[in-house]
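Q: Could you take me through one single part of this model up close, step by step? I would like to look at aromatic rings and at the strands that carry them.

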Amino acid sequence: MNELCLFQVTKLASEQDDKTQSSYGRASTMWPRTIELLDQLDLAEPLIQAGMITRSGLHFHEGRRVKGGLMYGNRMDKLGDTFFKFALHLRQRLTEEIFADAASKEIGSTQMMLHRMQGFTIDQNEHLHPVTVQIKDLKTEEVVDIKCKYLIGADASTLFGGKSTVRKLANISFEGEHTQSRWIRMDARVTTDMPNPRCLNSIDSASHGQILWCPIDNGLTRIGYVFSGSLIEKYGGVEGVTQEVAMVEAKHALHPFKLEFLSVDWFTIYGIGQRIAGTFCANDRVFLAGDAGHTHSSGSAQGLNTGIHDAVNLAWKLALRVRGLAKKALLDSYDAERRQVVQTVIENDKVISTLISGHYPPKFQGRSEPTRELLTEWFNDVNMQHFTLGLALSLLNVTNADPSVATIDSGERGPDVYLTSLGTGDPLRLQKILSNRAKFSIVVFPGNTQSTRSALIDLRTTITALDSFVNVFPAQIFQWFTIPATFGNGGQEILGCQPFGKVYLDTEMKAHEMYGVDIQRGAVIVFRPDGWIGTVVPLSGVGQLNQYFDAILNRR
């Protein structure tokens, strides 16, 4: 929740464990859309500097390279409208350290290690700080009351989710299923004769399911495999699965490739299941994010990614609500938007984890092919690949005010594209320009200004009217940009009127083409703070923005 400090909201984080002393492990992979979201918060670069990047991978069956495996991580250079054409691998504790360091530099951030939440109450008659949280100092045993506006539970305390104190105290159900399947995950320094071992690889094993081979930071490798019921029985139950056992079985799993362990930093054996909270919001004051709200296997590395998407979606809405700028409806949309995405993740994970474990999910009942071939069929779906990478995610069904204005639709992720700065001609990425500071970006696409100049002049007149959304809603909620598809040496000269915010050039018309804006007509596109498209209107239709913002923002 680093964004809350960035958005000028005071935050206190309570953590019952001393993360500086905790072992490594846990989640380690971030996909392109997650990196995009973090980049707009200026958090991606330090993670990239510390982590390991993969752009492709190999899949092996009986020692030979074949088609299949983690196909969403293969040939990521082919991805279209993102500049983050790679996966980033960094162990979770290091990711958390980078986030904590960034938060410590922001005013209004306090983090308390070794403090456990004991309970909370909500006083509906109290408007300023209605939530009172009881926090226990695990060193001194002292219990103190902390008053706040909202309580966020991102506190699942077991590997890959499970126990959340906030969720339990809020009496929120946690629905789903837990299978008998067990998987091993381990981080180790190894040597192997596998080709290209610093790629995101996978290996078919007759005895250990589909093997995950993922290079991570500091020269280590994350190895994952299925620990079948027969193996558990062989070692006398889960309690008999030691680090030495995990190493021995990893060597068997990688056959015919050789594997030698130089050191092991961490290992675990865990159960596979999929569960989701009955709601991500209780009493309008308690919110769940990440593993506190949903759990699934690490089969397609969705845990950390969905958690970050939760946090980004919630933070800007919470910030605007806390500052009195947004209506309750905006905050309510967090549960509606995130639960429908997470539910899809869970349904996909049921299929993926079952196939990886060597069993047939209901979707493939009656099929006779080996499960590895069905897994290849599943991951060969381009839509599934893009959903996994976060690039095909969309929000609830919404429609543009005028669907003929542009081919981009409300609720879609805003694609990234290079623009050009005035004067120096430096290339600048659109997503980087639209940084997430809890503000809506109003982006004017003028098209060919020789054709749209009169419409631009009318637009300038329209937004100065007293009943324009510009004057109806708080000015600090908006940031303006203009992207003409025309070359020129000055914004006013290009447009024929005072520019709408900063001007960046789209002389090759790539942005207009990507967003499907007719250069003879132009358009105004509203980007939400998190980079999704809010709505699209014609240059002559900005009056319609009053209705859009009235639904979610408070008037002055």
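A: Let's begin with a word we will need often: a residue is buried if its relative accessible area is under 20%, exposed if it is over 50%, and partly exposed in between, using a 1.4 Å probe and protein chains only. Please keep in mind that this is a predicted model, in which local features need pLDDT of at least 70, side-chain atom pairs count only at pLDDT 80 or more, and totals for chains, interfaces and linings use all residues. Residues are numbered from 1 along each chain as its sequence is written, and side-chain values use heavy atoms, with hydrogens and water left out.

Now for the rings. Two rings of Phe, Tyr or Trp (for Trp, its six-membered ring) make a pair if their centres lie within 6.5 Å; planes under 30 degrees apart are called stacked, over 60 edge-to-face, and the rest tilted. By this rule there are 23 aromatic pairs. One of them joins Trp316 and Phe440, edge-to-face, with 5.6 Å from centre to centre and 90 degrees between the planes. Trp316 belongs to helix H8 (residues 303-322) and Phe440 to strand S22, so this pair ties together parts that lie 124 residues apart in sequence. The names H and S come from DSSP runs, numbered from the N terminus: helices are H or I runs of at least four residues, and strands are E runs of at least two.

Are these two rings buried or exposed? Trp316 counts as buried because its relative accessible area is 0%, and Phe440 is buried because its value is also 0%.

Phe440 has another partner, Phe549: this pair is edge-to-face too, at 5.3 Å centre to centre and 80 degrees between the planes. Since Phe549 sits in helix H17 (residues 545-550) and Phe440 in strand S22, this pair links parts 109 residues apart in sequence. Phe549, at 0% relative accessibility, is therefore buried.

Let's widen the view. Ring pairs connect Trp316, Phe440, Phe469, Phe473, Phe478, Trp480, Phe500, Tyr548 and Phe549 into a cluster. Two of these names, Phe478 and Trp480, lead us to strand S23.

Strand S23 spans residues 478-484 and is mostly covered, with seven of its seven residues buried. In a regular strand, side chains alternate between the two faces of the sheet. In S23, Phe478, Trp480, Thr482 and Pro484 point one way, while Gln479, Phe481 and Ile483 point the other way.

How does S23 fit with its neighbours? Two strands count as paired if DSSP finds at least two bridges between them. Strand S22 (residues 440-447), the strand that holds Phe440, pairs with S23 in the parallel sense over six bridges. Within this pairing, Ser441 stands opposite Gln479 in S23. S23 also runs parallel to strand S24 (residues 502-505), joined to it by two bridges. Here Phe481 stands opposite Lys502 in S24.

To put the picture together, follow Phe440 once more. Its ring pairs with Trp316 and with Phe549, and its strand, S22, pairs with S23. From S23, Phe478 and Trp480 belong to the ring cluster that also includes Phe440, and both point the same way from the strand.
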